[in-house]
Amino acid sequence: MNIMLRIRKAAVIGAGNMGAQIAAHLANVGIPSLLMDIVPNELLPEESKRGLTLQSPEVRNRVTKTLFERAKKLSPAPFFVSEAANLVRLGNVEDNLAEIKDADWVIEAVLERMELKLAIHAKIAAHARPEALVTTNTSGLSIAGMTKGLPLEYRRRFFGTHFFNPPRYMRLLELIPTPDTDLALLKAFGEFGEAVLGKGIVHAKDTPGFVANRIGCFDMQQVALLMIDEGLSIDEVDAITGPAMGRPKSATFRLGDIVGVDLMAQMGRNLRELLQHDPQIAVFRQVEFIEDMVKRGWWGEKKGQGFYQRVKTDKGRQILTLDYRTMEYRPQQKPQFDSLEAVSKISNRAERIRTLCAASDKAGVFAWRHLSAVLSYAADRLAEIAEDVVTVDNAMKWGYNWELGPFEIWDALGVAATAERLANEDRAVPTVVRDLLAAGKNSFYEDRASRRSFFDLTKRGFVAEVEAPKVIHLPRLHKAHKVVLSNPGASLIDLGDGVACLEFHTKMNVIGGDQLGLLKQSLEEVSKNFIGLVIGNQGPHFSAGANLMLLTTQIQNQDWDEVDLSIRTFQKATSSLRQFEKPVVAACHGYTLGGGCEVTLGCDHIVIAAETYMGLPEVGVGLIPGAHGSKEMLVRCTEQIIRNDEADYFPGVRHAWETLGLAKVSTSAAEAAKLRFLRNGETTVVLNRDWVIGEAKAQVLQMVAQGYRPRPQRTDIPAIGEAGLTLFKVILQQMRGAGQISEHDQKIGSKLAYILCGGDLTSLHFVSEQYIMDLEREVFLSLCGEPKTVERIKHTLKTGKPLRN
């Protein structure tokens, strides 16, 4: 039976760190909610002075409001745009609980204490609509235990929804049913979680820690104990357990500081109490120096010190590392391990992990001892915590940002080879692994055509992985020989149904000759053999912009003809996409900056992940957007103004000038729309990043079905001329006088205004796209000749931050 969930209103009970942020993310996707917490039992001194009483609404909602205001100030921000906070209404559990009758979904997120959860669910059951969905957010308490004694109809519509912190950014959402949960409803909610909330859904069993925290806590505990056993330092261990091992840069102890050392220790204590049956219970024992840190209040980032401490010195901010032997902080030390140096040059993650575990130095020995313990634990606990290996792997990739899950790492190391190595060390080989090998299989996963299959423990054979229809994996299409054209920096891939995809694949997907060359070839190929083109990839970022290193070389060699040719080529590539005979759709995510942003602005339609950082920050390196970006912002910021003799175009031009001149970059797709990088009717926002390429393909098919027609270049762009340019120069002079900008910033701002006002025009004219692009190129070339430009570019390449001089 298929259930179609319609969640139009929600209620969140518990406005703490998680509850407030869950309400924020609901607001991000357009779902209004009522957020509630407890009523205070005493007045604050300032409330008494104002004559308020415990019955005053302001006082009764104080706890909720205080917690919500704190959440609004969090960094990174829980809201896509600040206005979304208006969708969250504040109340309290005494005065407003009855209002949950209007909610389609009630989320309980009170403190992690079973007696509190039991009490609140008894109250929810009395007020929630019979058909309302009710879930609990908990990191490990028994889900079934929360609804004991409540009606079966309530229990049928109840299950766990374990969001990971911060809810907006972390992909994992664990769904934990009870024996009474309606599984059809659970499935429908999983589909809602994927499509609307943008989450990666994992179905976990109602066991301590569920999936991700069970493995993740074991992992962190084992690292700490092994570090002490091996006599390594915190610096050394974080160097080993970071990117070298396919983990984030936060590695182990930096992650502990982010999560909170106190919470890390509390999670260990909770699991230690609940896992008395676990053969590896010893790994969850107290780590003495961590318990000491908790007592001292060294709880990580929220306290200013934990495993690391940031201090101010005469030389600026410095990071110190805790020496757990002496419990004193010392300057960070860069570990010197040959194996880490070797694997840093290996881009293939499976090969990187395999090479590290094969190394014989201290880093290699630590990596093997740690990873082999975690892999064995995941395999031993598989049947207890999850239905299949995919569940465990996805939980660790989405909840802890591992590049590969435990069973994918088994495959990377070689299942047979790893089992043999364990046996040679007189260590137990997990039953799951022995069963796999006994069935004549050598891996937990197999790629078949463009789909992946996994080894099913029950069927003792491979079963196709179930995924949403809009999920397309470009790496699997590479393996399935769907590459049509390719060079070292880009590939053209057949997505099926007559749609092709131009994929960039360089570091940060910077754009240079390879990408622009293949774009030209791709358009020729699509013209002959496809119905449309998607431009997108599945790297960490769509594109961080043009290849600045190449540009710097050209400038230093004073090869101005080459610079001019490069910018003309880039302009032509980006500005002519809308004139192509077939639809071109951008599929962007992550960093979509500079030249990458200009590529998307040239497309007929933009499919954009909700978490996209879009902007044209060229001013930060002493340049201006020169590949039609300045022109596009002028068009987008003035096109809604009705053309007549009395029209005032200056506010629109100023918006474009400030957006470009201040190098504004959106922190979400919603903010990109506010900045005018995105147009209504030409944009599709996708919450689930895995769906971006598939949604872009669907958009191409839709545009073809509707009878796509290319759009001619515009000739009605308002150029306000000398009057506008004079106003901008006055603004710049005032900013310079106030010390807000440097002399060089003033020069760049003036040149940017020159473009946006139409150059040397003395009055309002309506000009063509090419006219503005010629001005772009002229100014871009002039700024390339400025000595400070190279200085700024080099600084940005080295530090990743703009230089103001």
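Biologist: Which residue of strand 2 is the bridge partner of Ile-13?

Modeller: The bridge partner of Ile-13 in strand 2 is Met-36. This is a predicted model, in which local features need pLDDT of at least 70, side-chain atom pairs count only at pLDDT 80 or more, and totals for chains, interfaces and linings use all residues. Residues are numbered from 1 along each chain as its sequence is written, and side-chain values use heavy atoms, with hydrogens and water left out.

Biologist: What makes strand 1 and strand 2 a pair?

Modeller: Two strands pair if DSSP finds at least two bridges between them. Strand 1 (residues 10-13) and strand 2 have four bridges, in the parallel sense, so the requirement is met. Strands themselves are DSSP runs (E, at least two residues), as helices are (H or I, at least four), and both are numbered from the N terminus.

Biologist: Why is strand 2 called largely enclosed by the rest of the structure?

Modeller: Buried means under 20% relative accessible area, exposed means over 50%, and partly exposed lies in between (1.4 Å probe, protein chains only). Five of the five residues of strand 2 are buried, so the strand is largely enclosed. Ser-33, Leu-35 and Asp-37 point one way, Leu-34 and Met-36 point the other way, and all are buried. In a regular strand the side chains alternate between the two faces of the sheet. Strand 2 (33-37) is also among the elements that cover the buried residues of helix 4.

Biologist: What makes strand 13 and strand 14 a hairpin?

Modeller: Strand 13 (residues 451-456) and strand 14 (residues 461-464) pair in the antiparallel sense over four bridges, and four residues lie between them. Asp-456 has Gly-461, in strand 14, as its bridge partner. Arg-460 in the turn has a positive phi of about 55°.

Biologist: Why is the pair of Phe-650 and Phe-728 called tilted?

Modeller: Rings of Phe, Tyr and Trp (its six-membered ring) pair if their centres lie within 6.5 Å; planes under 30 degrees apart count as stacked, over 60 as edge-to-face and the rest as tilted. The centres of these two rings are 4.9 Å apart and the planes stand at 35°, so the pair is tilted. Phe-650 lies in helix 26 (residues 650-661) and Phe-728 in helix 29 (residues 722-737), so the pair ties together parts that are 78 residues apart in sequence. Both residues fall under the limit for burial: Phe-650 has a relative accessible area of 18%, and Phe-728 has 0%. By the ring rule, the count comes to 22 aromatic pairs.

Biologist: Why does Cys-784 have no bond to the closest cysteine sulfur?

Modeller: A disulfide is a pair of cysteine sulfur atoms within 2.5 Å. The closest cysteine sulfur to that of Cys-784 is in Cys-597, 19 Å away, which is too far for a bond. By this rule the count comes to zero disulfides. Cys-784 is nevertheless buried, at 1% relative accessibility.

Biologist: How do you know that Glu-776 counts as buried?

Modeller: The relative accessibility of Glu-776 is 0%, so this residue counts as buried. Glu-776 sits in helix 31 (residues 769-784). Beyond its neighbours within four places in sequence, Glu-776 is in contact (heavy atoms within 4.5 Å) with residues including Gln-571, His-628 and Ser-630. Ser-630, in helix 25 (residues 629-638), is likewise buried, at 0% relative accessibility.

Biologist: Why is Lys-674 called partly exposed?

Modeller: At 44% relative accessibility, Lys-674 falls between the two limits, so it counts as partly exposed. Lys-674 lies in helix 27 (residues 669-674). Leaving aside its neighbours within four places in sequence, Lys-674 is in contact with Val-81, Glu-83 and His-655.

Biologist: What makes the link between the side chains of Lys-674 and Glu-83 a polar contact?

Modeller: A polar contact is a pair of N or O atoms within 3.5 Å; within protein, one must be able to donate a hydrogen and the other to accept it, and residues adjacent in sequence count only if both atoms are side-chain atoms. The two side chains meet at 2.8 Å, so the distance requirement is satisfied.
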